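This report looks at charged side-chain pairs and at how far their partners are shielded from solvent.

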Amino acid sequence: RGPGGGSDETIVLAPTGAEELLPQNPAYPADVFTSCLTTPIPIALRWFILQNPVSMEGHHPEDVDSIPGKMNDRKTPLGELNWIFTAVTDSIAWNVLPSPLFQRLFRQDLLVASLFRNFLLADRILRSLGCTPVSHPVLPPTASHPLWQAWDWAVETCLSALLPRGGSGSAGGSLTPLRPGGIQVPGVGFGAGNRPETGGAVMGGGANGRTEGRGGMPIVNAAVATDGVAKATAVGTITASVTIPFFAEQLTAFEIWLEFAHRRLQTASFSSASGHLFEPQRSPEQLPVVLQVLLSQAHRVRALILLRRFLDLGPWAVNMALSVGIFPYVLRLLKSDDYKHVLICIWARILAFDPSTQADLVKDDFLPHFIAHLSWGLNGGGGPGAVGAPQRAVQRANNAGGTESVAPPAVDGAPADPAEEDDDARQRILATFIISAIVYDYPPGQADCLKKNLHGTVSHLLSLAERADAESDSVGGRPPPDQRLPPPYRMWLCILLGNLWRDNPAGRAQAHTSRAAARVRA
């Protein structure tokens with residue numbers, strides 16, 4: 001209960017309204033509601049087969065027990081279906097719930113989030129059986145949300161590819177248990193149309209297994225894990241794998257939304273009537289799906305680039321992304337060197353909107369990643385700022401907006417054209433801004449930067465600028481690309497040192513020792 005004795009902290013889930021009875025359908029488990037809450041994927045697949053007799057002709061509801069894989073392994077069919085289910089239900093909840101309620105139910109606790117994701121499925125299935133599930137807090141009806149169609153398409157793709165027609169369920173004319181250890185009620189048979197012929201019910205046992213989230217993130221839906229061995233049927237053998245294009249299609253839908261949003265931003269970036277920057281009337285419903293895709297290495301680069309383009313729309317977009325749960329995802333991705341180019345752009349937007357995130361970056365020791373990025377593209381491929389082939393590939397994809405093919409990387413990671421040289425300079429400026437925001441009025445950040453010799457790194461970069469200027473004056477022309485430090489970059493280096501020394505006597509003392517102060521005056 002809440003502080004005032006109310007029921008703000010009470011959670012209630014019920015299968016029917018006050019004047020309704022539980023469904024008595026022999027084709028489903030005796031307790032459909034509990035099945036939805038504890039084993040959502042098996043009951044969802046069975047329900048889909050029974051609701052779609054035309055497209056699922058030749059498939060038996062019991063065939064879903066033969067789908068190979070584990071719920072907590074995204075590389076297996078069952079795991080991928082569970083992953084898709086998590087993305088769909090998260091997206092539905094984010095689109096229909098107020099932000100505070102979404103944060104409370106779907107982001108604060110893994111078990112509560114899993115229950116409410118599964119409750120959305122129960123709402124859909126039980127409404128089709130004539131019941132109206134109720135809850136406290138009250139959730140709006142979601143059974144007809146358009147994203148359920150994307151889930152249906154993914155399920156149909158998976159079942160059609162994995163299960164042979166006329167499988168084990170229809171061969172013998174009698175039911176098999178829902179799960180190992182389940183109870184079969186005699187007298188229930190299925191005809192050619194996969195419909196029950198007589199009364200009866202099937203009840204299944206088993207307990208709900210919990211999956212660990214990474215860093216408190218609701219990564220996968222809690223569900224029972226099944227063995228990963230493909231089972232033989234009366235007609236053939238279950239296929240061991242299948243490609244479900246759900247995430248690729250959702251990324252394409254998000255990309256199309258971004259195209260229209262950027263066009264509107266270009267034509268109406270400022271409204272003279274309201275005096276506010278452009279903000280679309282509707283948020284992209286695929287945004288939670290994009291965040292789930294960050295867990296997949298196959299689509300990660302494309303998802304990061306689309307996320308960066310979304311954040312470029314303005315502060316409202318950054319706020320929306322943070323509210324849906326972007327922060328722990330992009331924080332952990334900093335540990336990988338392959339995505340630094342696009343992550344620098346994302347983190348610059350986040351820190352510009354919410355400087356308080358500096359505490360997490362310092363606490364988790366991510367400062368070295370940004371300090372190393374200060375020399376991105378410098379030192380001719382031999383120093384700490386060298387850019388390798390994988391980073392160059394991500395860089396070209398990021399500059400192309402994720403829609404064009406990636407050109408072959410240059411030798412030793414050197415820029416292939418002047419546009420890449422300008423982009424390297426922009427990357428260094430963004431990294432300088434990020435560190436400046438981290439140390440601004442934040443003593444722990446200042447102390448950590450001094451401990452990591454940031455003042456020495458900046459002093460070295462300023463010395464490179466002095467050397468490049470001297471060589472340019474003596475021989476004429478522009479310095480080579482690996483020594484080019486444009487004025488905006490030098491300006492931000494000075495701002496960085498100023499923030500590092502601000503109200504920090506120890507920092508000012510080390511600045512004189514490292515000659516950084518003298519180079520700033522020069």
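What follows describes salt bridges in a predicted model, with attention to the accessibility of each partner.

The structure holds 14 salt bridges, and three of them are set out in the table below with the separation of their closest N and O atoms.

| Basic residue | Acidic residue | Closest N and O atoms |
|---|---|---|
| Arg309 | Glu259 | 3.1 Å |
| Arg308 | Asp312 | 3.1 Å |
| Lys340 | Asp337 | 3.1 Å |

The salt bridge between Arg309 and Glu259 links distant parts of the chain, since Arg309 lies in helix H10 (residues 300–311) while Glu259 belongs to helix H8 (residues 246–267), the two being 50 residues apart. Arg309 has a relative accessibility of 9% and therefore counts as buried, the cut-off for that class being under 20%, whereas Glu259, with a relative accessible area of 31%, is partly exposed.

Arg308 pairs with Asp312 in a salt bridge; here Arg308 counts as buried because its relative accessibility is 13%, while Asp312 is partly exposed, having a relative accessible area of 24%.

In the salt bridge that Lys340 forms with Asp337, Lys340 counts as buried at 8% relative accessibility, and Asp337, at 45% relative accessibility, counts as partly exposed. Elsewhere in the model, Arg46, Glu62 and Asp65 are joined into one network by salt bridges that share partners.

How values were computed: Residues numbered from 1 in each chain as written. Predicted model: local features only at pLDDT ≥ 70, side-chain atom pairs only at ≥ 80, totals over all residues. Heavy atoms only, no water. Salt bridge = Lys/Arg side-chain N within 4 Å of Asp/Glu carboxyl O. Helix = DSSP H or I, 4+ residues; strand = E, 2+ residues; numbered from the N terminus. Buried < 20%, exposed > 50% of the residue type's maximum accessible area, 1.4 Å probe, protein only.
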